[in-house]
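Got the viewer open and a few minutes to spare? Let's walk through this one stop by stop, selecting a handful of residues at a time.

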Amino acid sequence: EKNVPGASARDLTPSYDWFQTDGLITIVIYTKQKDMNAELVIVDCQDKRLRGEFILADHSYLIELDLDHAVREDLDVNIAEKVGKVEIILKKKDNVQWKVLGRPLESHNTFIKRTDRGLFYRKCKLVSKTEVTHDTKLFSLMLPKSTHLQVPTGQHVYLKQIIAGTEVVKPYTPILPSLTLDFKQPSCHDGAHIYLMIKIYSCGLFTQALDHLQIGDYISVSNPEGNFKKSQVQTSEDLFLLAAGTGFTPMVKLLNFALTEVSCLRTVKLIFFNKKEDDILWRNHLEELALKDKRFEVQFILSEPRKDWGGKQGKISLSLLSECVKRSRKDSKVLICICGPTLFTEQGVEYLRDLGYSQEEMHAFTA
Ligand code: FAD
Ligand code: NAD
């Protein structure tokens with residue numbers, strides 16, 4: 001709505017059209033929104049069932065059809081970002097004329113609040129599982145070729161498994177395969193990957209089941225969710241990331257985004273809380289990054305260090321934060337992101353408030 005001042009909501013309802021050639025079906029969606037991008041378009045096509053969801057501010061537009069005929073697995077999505085036009089290009093399996101595009105399913109052509117749209121899951125293949133630390137693994141999942149989905153910075157997905165006859169769902173935050181700052185999404189055709197860094201708890205219901213998955217097994221992955229906005233980072237000069245344990249995961253894409261795309265940033269500091277030294281995730285990557293990019297600094301703080309630990313120790317506290325979180329200049333525009341166990345995050349936010357930081361200067365990652 002903010003793109004067209006004064007326009008009524010009705011004017012902004014997206015619409016679609018379709019046409020065909022001998023080999024292709026092209027569906028054109030007029031989102032009526034400027035600044036469309038690949039992260040706002042989620043397309044799945046399984047058997048003859050096509051689902052396309054378009055995220056338009058806090059609304060979601062859906063097309064959902066049982067297609068007239070079968071299509072090949074490799075679909076294409078083209079986005080004209082400035083005019084908000086999206087094309088889904090399907091390849092016909094058989095060279096026949098389609099009379100109709102398909103039979104509308106339940107939620108076809110609806111434009112509703114995003115929060116009212118149920119989660120959609122597709123099955124992804126586990127392609128690798130590698131050790132990160134003694135209890136944490138990097139899971140690489142491959143999306144089907146017929147899925148177009150990119151998880152935005154700061155958002156999580158839900159994984160779903162049937163455990164002892166019951167459906168169990170837990171959130172996880174996709175990361176990048178490394179912190180080398182030159183990561184590019186592979187093209188759609190390669191079958192895009194989702195990387196998850198997951199701590200396996202010895203009594204954990206979901207993570208134990210995950211750990212027992214074999215390479216080649218499938219697991220259901222949802223559409224992304226989350227209320228983090230990249231624009232919060234885009235204008236900041238000092239970025240502080242307070243992470244505890246696997247609360248590090250949202251910081252991975254955030255770091256990459258900040259250091260590669262935010263030109264006004266002067267300093268980025270990760271303050272990483274862990275119990276022991278061998279719990280620190282990606283310590284080498286982080287230390288290498290700090291050497292490579294002078295704007296970036298990392299500090300490790302242990303709550304249960306061994307005697308020989310030379311670094312900082314303790315848990316999150318007012319005095320610790322007043323020492324570690326400081327504007328680089330008196331009037332620096334600052335953003336502080338925080339993620340970890342619920343109590344850690346709650347206490348952190350409270351201390352930061354006590355230190356005079358405003359709500360707009362903080363973002364807490366929660367479910
Ligand atoms: P559970 O069976 O729930 O138990 C986990 C462990 O904690 C067990 O050892 C259990 O004994 C203990 N425990 C359970 N409840 C309590 C309690 N109330 N107090 C104290 N101890 C308790 N995790 C990741 O590893 N990587 C991620 O990227 C990630 N992203 C997340 C994103 C979001 C938005 C949220 C909310 C959580 C995320 N998590 C992530 C955590 C994840 O969702 C699960 O909570 C975690 O994997 C544990 O699941 P589980 O079923 O194995 O463990
Ligand atoms: P952990 O138990 O290994 O603890 C790591 C550090 O967190 C500790 O060293 C301590 O400094 C701090 N900490 C732990 N409990 C605390 C408490 N009660 N009060 C203050 N500080 C505390 O951590 P873990 O097992 O890796 O757990 C990570 C947590 O992060 C999980 O609860 C997970 O759900 C959460 N998480 C949330 C998101 C999100 O909301 N977006 C994403 C990833 C992980």
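Start by selecting Phe206: its relative accessibility is 2%, so this residue counts as buried. Keep in mind as you click around that you are looking at a predicted model.

**Stop 1: a pair of rings**

Eight aromatic pairs turn up in a search of the whole structure. Add Tyr172 to your selection to see one of them: the ring centres of Tyr172 and Phe206 are 5.9 Å apart and the planes meet at 25°, so this pair is stacked. Now colour by secondary structure. Tyr172 belongs to strand β14 (residues 166-172) while Phe206 sits in helix α1 (residues 205-211), so the pair ties together parts that are 34 residues apart in sequence. Is Tyr172 buried or exposed? Its relative accessibility is 14%, and under 20% means buried.

**Stop 2: ligand 1**

Keep those two rings on screen and show ligand 1. Of the 18 residues around ligand 1, the ones that come nearest are Lys170, Pro171, Tyr172, Phe206 and Thr207. Which elements each supply at least two residues of this shell? They are β14, β16 (193-199) and α1.

Next, look for the polar contacts of ligand 1:

- Select Lys170: a polar atom of its side chain is 2.7 Å from an oxygen atom of ligand 1.
- Move to Lys199, where a backbone N or O atom is 2.9 Å from an oxygen atom of ligand 1.
- Then try Thr249, which has a side-chain N or O atom 3.1 Å from an oxygen atom of ligand 1.

On its own, ligand 1 has 980 Å² of accessible area, and the protein covers 58% of it. If you colour the shell by class, you'll find nine nonpolar, seven polar and two charged residues.

**Stop 3: ligand 2**

Leave Lys199 selected and bring up ligand 2. There are 21 residues around ligand 2, and Lys199, Tyr201, Thr246, Asn274 and Ser303 come nearest. Here are some contacts to pick out:

- Thr246 places a polar backbone atom 2.9 Å from an oxygen atom of ligand 2.
- Asn274 has a backbone N or O atom 3.0 Å from an oxygen atom of ligand 2.
- Gly340 has a backbone N or O atom 3.4 Å from an oxygen atom of ligand 2.

Taken alone, ligand 2 exposes 870 Å², and the protein buries 77% of that. Two or more residues of the shell come from each of β19 (267-274) and α6 (342-354). Select α6 as a whole: with three residues, α6 gives the largest share of the shell around ligand 2. By class, this shell holds eight nonpolar, ten polar and three charged residues.

**Stop 4: more rings**

Hide the ligands and select Phe248, Phe272, Trp282 and Phe300, which ring pairs link into a cluster. Then go to Tyr121 and look at the face of its ring: Lys160 lies over it, at 4.1 Å from the ring centre.

**Stop 5: two loops**

Finish with a look at the backbone. Asp47 is not a glycine, yet its phi is positive, at about 50°. You'll find Asp47 in the loop between β3 (41-46) and β4 (49-56). With 74% relative accessibility, Asp47 counts as exposed.

Now jump to Ala164, in the loop between β13 (157-163) and β14. Ala164 is not a glycine either, and has a positive phi of about 50°. What is the relative accessible area of Ala164? It is 81%, so Ala164 is exposed.

Technical notes. Residues numbered from 1 in each chain as written. Chains lettered and ligands numbered in written order. Predicted model: local features only at pLDDT ≥ 70, side-chain atom pairs only at ≥ 80, totals over all residues. Heavy atoms only, no water. Phe/Tyr/Trp six-rings, centres within 6.5 Å; stacked < 30°, edge-to-face > 60°. Helix = DSSP H or I, 4+ residues; strand = E, 2+ residues; numbered from the N terminus. Buried < 20%, exposed > 50% of the residue type's maximum accessible area, 1.4 Å probe, protein only. Lys NZ or Arg CZ within 6 Å of the ring centre and 35° of its normal. Near = heavy atom within 4 Å. Polar contact = N/O pair within 3.5 Å; in protein donor to acceptor, adjacent residues only side chain to side chain. Areas by Shrake-Rupley, 256 points an atom, 1.4 Å probe, with all protein chains shown as cover. Nonpolar A, V, L, I, M, F, W, Y, C, P; charged D, E, K, R; others polar.
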